[in-house]
Amino acid sequence: MKDALINELRTAYDLQLRGVTPPGGSARVEKDGPLTRVVGWHRGFVTGPRDLGVRGKELDTLIARQRDFYAARGEAVEWKTRAHDLPADLTDRLTAAGFVAEAPETVLIGRSADLASEPVLPDGVTLRRVTAGSDLQRIAAMESTVWGEDWGWLADDLAARIENAPENTVVLVAEAHSEVVCAAWLVFKDDVDFGGLWGGSTLKEWRGQGIYRAMVAHRAQIAAARGVPYVYVDASSDSAPILTRLGLHAVTTTTPYVWSP
């Protein structure tokens with residue numbers, strides 16, 4: 001029974017979630033054969049259908065064309081792969097072309113109605129939706145602290161998404177004493193049965209208190225109220241066990257392959 005559910009969810013994922021939500025701003029989405037790519041983002045991004053439909057030297061040429069396209073722009077590029085992609089040697093050919101694998105993540109999908117509940121937060125912590133540039137800058141600063149690198153680009157990225165699709169982009173912060181301690185966002189696509197759960201980073205000293213769980217519950221509430229039946233997330237090894245316990249189902253893994261000039 002569970003295997004049938006996983007197959008159903010994975011099939012829906014492949015049919016509906018292989019494209020790219022236009023990030024807005026100066027970024028644009030282009031097609032190159034079976035691939036979809038983003039140009040003008042914080043780094044290039046490439047994705048494709050489950051089966052690219054090309055093999056051997058033809059696939060090598062397609063890969064090299066993406067690498068060379070971004071090289072001419074002086075930009076890094078991420079090629080998003082999934083464990084069940086075809087052809088099976090795609091990642092070997094990406095590696096041969098100079099792409100380097102980053103940490104894999106687990107693709108998890110859950111029913112919005114099953115996950116939705118009133119968020120339960122620690123004393124002194126509040127949750128609110130934000131759109132102002134100053135709040136987005138505070139989110140970027142918090143993410144930079146969490147990950148130990150410059151995430152300044154995130155404020156502009158979120159601002160562009162909100163400007164481009166305000167009804168489809170829900171950015172949330174959890175605050176304690178006016179400090180952003182956690183941030184997460186929910187992204188919808190028109191005519192798609194899934195809401196994307198992104199972000200969810202929490203300052204180290206605030207972890208283990210249910211804030212991340214509350215963010216998931218509230219975003220599932222929003223999706224369920226909108227009539228969107230599923231939510232999904234690309235989860236890190238830290239987040240995947242928590243999300244599985246909450247009721248999401250692992251359907252595949254995804255690994256970014258990155259080329260940098």
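Begin by selecting helix α5 (residues 133-147) and helix α6 (residues 153-164) in this predicted model. Their axes come within 8 Å and cross at roughly 140°. The two helices are therefore oblique to each other, since an angle counts as roughly antiparallel when over 145 degrees. Viewed as a crossing, α5 passes α6 in the right-handed sense.

Next, display the side chains at this crossing. On α5, select Leu136, Gln137, Ile139, Ala140 and Glu143; on α6, select Leu154, Ala155, Leu158, Ala159 and Ile162. Colouring this contact by residue class gives 8 nonpolar, 1 polar and 1 charged residues.

Now move to strand β2 (residues 35-39). How many of its residues are buried? The count is 5 of 5, and the strand is accordingly described as mostly covered. Show the side chains and compare their directions: Leu35, Arg37 and Val39 point one way from β2, whereas Thr36 and Val38 point the other way. Buried residues are found in both of these sets. In general, side chains in a regular strand alternate between the two faces of the sheet.

Keep β2 selected and add strand β1 (residues 28-32). The pairing of β1 with β2 is antiparallel and extends over 5 bridges. To locate one of them, select Arg28, whose bridge partner in β2 is Val39. The two strands form a hairpin with 2 residues between them. In that turn, centre the view on Gly33, which has a positive phi of about 60°.

On the other side of β2 in sequence, add strand β3 (residues 44-47). Here too the pairing is antiparallel, with 3 bridges between β2 and β3. Select Arg37 and then Val46, its bridge partner in β3. This second hairpin has 4 residues between its strands, and Gly40 in the turn has a positive phi of about 90°.

The last stop is Thr255, in strand β12 (residues 249-259). Is Thr255 buried or exposed? Its relative accessible area is 15%; the threshold for burial is under 20%, so Thr255 is buried. To see what surrounds this residue, leave out residues up to four places away in sequence and select Trp79, Lys80, Thr81, Ala101, Glu102 and Pro104, which Thr255 touches. Finally, draw a distance between the C-alpha atoms of Thr255 and Glu105: these residues lie 150 residues apart along the chain, and the two atoms are separated by 6.3 Å.

Methods: Residues numbered from 1 in each chain as written. Predicted model: local features only at pLDDT ≥ 70, side-chain atom pairs only at ≥ 80, totals over all residues. Heavy atoms only, no water. Axes fitted to C-alpha atoms, helices over the stretch in contact; angles between N-to-C directions. Parallel < 35°, antiparallel > 145°, perpendicular 65-115°, else oblique. Left-handed = near helix turned anticlockwise from the far one by under 90°. Contact = heavy atoms within 4.5 Å. Nonpolar A, V, L, I, M, F, W, Y, C, P; charged D, E, K, R; others polar. Buried < 20%, exposed > 50% of the residue type's maximum accessible area, 1.4 Å probe, protein only. Pairing = 2+ DSSP bridges.
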